[in-house]
Amino acid sequence: MKKALFSTALLLTNMFVVLPSMANSSVGTPVHINSTELAQVQWQDIAFDQTLKTTLTEQQKQAFTNSFAGVASPVAAYRIPANQGTVEIEIESPVLEDHVFVPTAVVLDSQFNVAATYPSSEFKFKEEGGFKGNRFVADLNLTPAAGQDYLYLLVYTTQQDLAKTTMVPHPAKVYAKATGKQPPAINDIEVKHSLNGEISLNVSNSNGTKFIGLPTAVFTGNKPSKQVGATQPVAPQATQAQAVTTAVDKDTEAYFNQAVTKALKANDVNKALNLVNEAEKLGLKSPRQIFLKQVSSK
């Protein structure tokens with residue numbers, strides 16, 4: 001299953017959004033998170049290429065989320081550098097035994113104005129694989145407006161999500177798939193949504209190793225067109241097919257091979273897979289061979 005990817009330009013002007021917990025009763029009604037309350041939140045600073053894990057418990061629930069989440073939820077709150085160009089943020093919430101914290105995320109500008117919201121429906125469930133267990137995950141691609149030193153990310157859960165459950169594959173099925181065997185006829189496991197859980201956050205420059213939003217011509221020797229705004233349109237299928245058949249120089253292939261190896265040494269399987277996928281779009285086969293060889297040797 002592919003990760004969800006969202007691109008947003010964060011403006012300095014006030015931008016209000018309809019948060020998911022309010023959607024049924026107030027469609028189109030702007031919702032404002034009180035900036036005074038936000039200023040009192042303990043924001044965790046996170047640097048590029050750093051991963052932070054935040055443990056959330058019911059004892060940490062915050063009363064101020066009642067007005068927009070429908071429940072007093074614990075929050076994971078991060079302060080992210082916004083003066084170094086486009087930022088890619090990976091948010092993961094792992095299933096912990098019999099429960100999981102289902103995230104909703106809000107991005108705020110440097111003045112605590114709501115700039116974008118990502119409801120729980122945008123967090124895709126990923127089954128156990130590689131070195132990671134069952135989890136909810138989303139990737140955000142954000143372009144801060146000029147003049148901001150930081151942007152803020154608030155992660156919480158809602159009353160609507162707490163009323164639901166998630167079915168996860170039985171470990172015996174996962175093992176059978178991994179070993180190429182027929183999965184047994186056994187029921188999956190129902191996991192409750194909880195105020196207790198864990199959030200893992202990774203922040204990086206999107207013009208670093210993942211190349212998200214950049215035309216493939218960057219790696220084929222052609223000068224890319226100038227980027228305008230926060231997002232790049234998805235290339236037509238014919239253009240993508242052409243990119244696959246375009247010859248790629250050996251330096252580019254060597255770069256991907258080294259980057260995949262480096263990511264696996266750091267136990268960052270997701271980054272390695274993203275690199276493999278990007279390389280295959282350019283017609284490169286050796287990065288996947290390196291990935292499979294190194295993973296199988298672990």
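This is a dialogue about reading a predicted model of a protein.

Trainee: Before looking at any detail, how many helices and strands are there in the protein?

Mentor: The protein has 8 helices and 14 strands. Of its 298 residues, 46% are buried, and the protein exposes about 15,400 Å², of which carbon and sulfur atoms supply 51%.

Trainee: What share of the contacts between residues at least 6 apart in sequence join residues at least 24 apart?

Mentor: That share is 75% in this protein, and it is worth keeping in mind when we come to the core and the salt bridges.

Trainee: How should I read a sheet, and in which order do the strands of the open sheet with S6 lie?

Mentor: The general idea is that strands of a sheet pair through backbone hydrogen bonds, either parallel or antiparallel. In this structure, 3 strands form an open sheet in the order S6-S13-S12, with mixed pairing. Its edge strands are S6, residues 99-100, and S12, residues 165-168, each of which pairs on one side only. Strand S13, residues 189-193, pairs with S6 in the parallel sense over 2 bridges, and in S13 lysine 192 is the bridge partner of histidine 99.

Trainee: Next, the core: which residues have the most contacts inside the largest nonpolar core?

Mentor: That core has 33 residues, and those with the most contacts inside it are Tyr78, Ile80, Ile89, Ile91 and Leu153. Several strands supply at least two residues each, including S3 (50-56), S4 (76-81), S5 (87-94) and S14 (197-205), while S10 gives the most, with 4 residues. Apart from this core lies another, of 17 residues, among them Phe68, Val106, Tyr152 and Leu154.

Trainee: If I pick out isoleucine 80, which residues does it touch, leaving aside those up to four places away in sequence?

Mentor: With those places left aside, isoleucine 80 touches Ile46, Val87, Ile89, Asp149, Tyr150, Leu151, Leu153 and Val203.

Trainee: How do I read a salt bridge, and how many does the structure hold?

Mentor: In general, side chains of opposite charge can pair when their charged atoms come close. The structure holds 4 salt bridges. In one of them, the side chains of glutamate 92 and lysine 132 meet at 2.9 Å, N to O. Because glutamate 92 lies in strand S5 and lysine 132 in the loop between S9 (124-126) and S10, this pair ties together parts that are 40 residues apart in sequence.

Trainee: Is glutamate 92 buried or exposed?

Mentor: Glutamate 92 is buried, since its relative accessible area is 8% and buried means under 20%. Lysine 132, at 22%, is partly exposed.

Trainee: Which other side chain meets glutamate 92 in a salt bridge?

Mentor: The side chain of arginine 135 meets that of glutamate 92 at 3.6 Å, N to O. Arginine 135 lies in strand S10 and glutamate 92 in strand S5, so their pair ties together parts 43 residues apart in sequence. Arginine 135 counts as buried, at 6% relative accessibility, and Glu92, Lys132 and Arg135 are linked in a network of salt bridges.

Trainee: And where do aspartate 188 and lysine 173 lie?

Mentor: These two residues form a salt bridge whose closest N and O atoms are 3.2 Å apart. Aspartate 188 lies in the loop between helix H4 (171-178) and S13, and lysine 173 in helix H4, so the pair ties together parts that are 15 residues apart in sequence. Aspartate 188 counts as partly exposed, at 34% relative accessibility, whereas lysine 173, at 19%, counts as buried.

Key: Residues are numbered from 1 along each chain as its sequence is written. This is a predicted model: local features need pLDDT of at least 70, side-chain atom pairs count only at pLDDT 80 or more; totals for chains, interfaces and linings use all residues. Side-chain values use heavy atoms; hydrogens and water are left out. Two strands pair if DSSP finds at least two bridges between them. Buried means under 20% relative accessible area, exposed over 50%, partly exposed in between (1.4 Å probe, protein chains only). Contact means heavy atoms within 4.5 Å. Accessible areas come from the Shrake-Rupley method with a 1.4 Å probe; for residues, only the protein chains shown count as cover. A nonpolar core is a set of buried Ala, Val, Leu, Ile, Met, Phe, Trp, Tyr and Cys residues joined through side-chain atoms within 4.5 Å.
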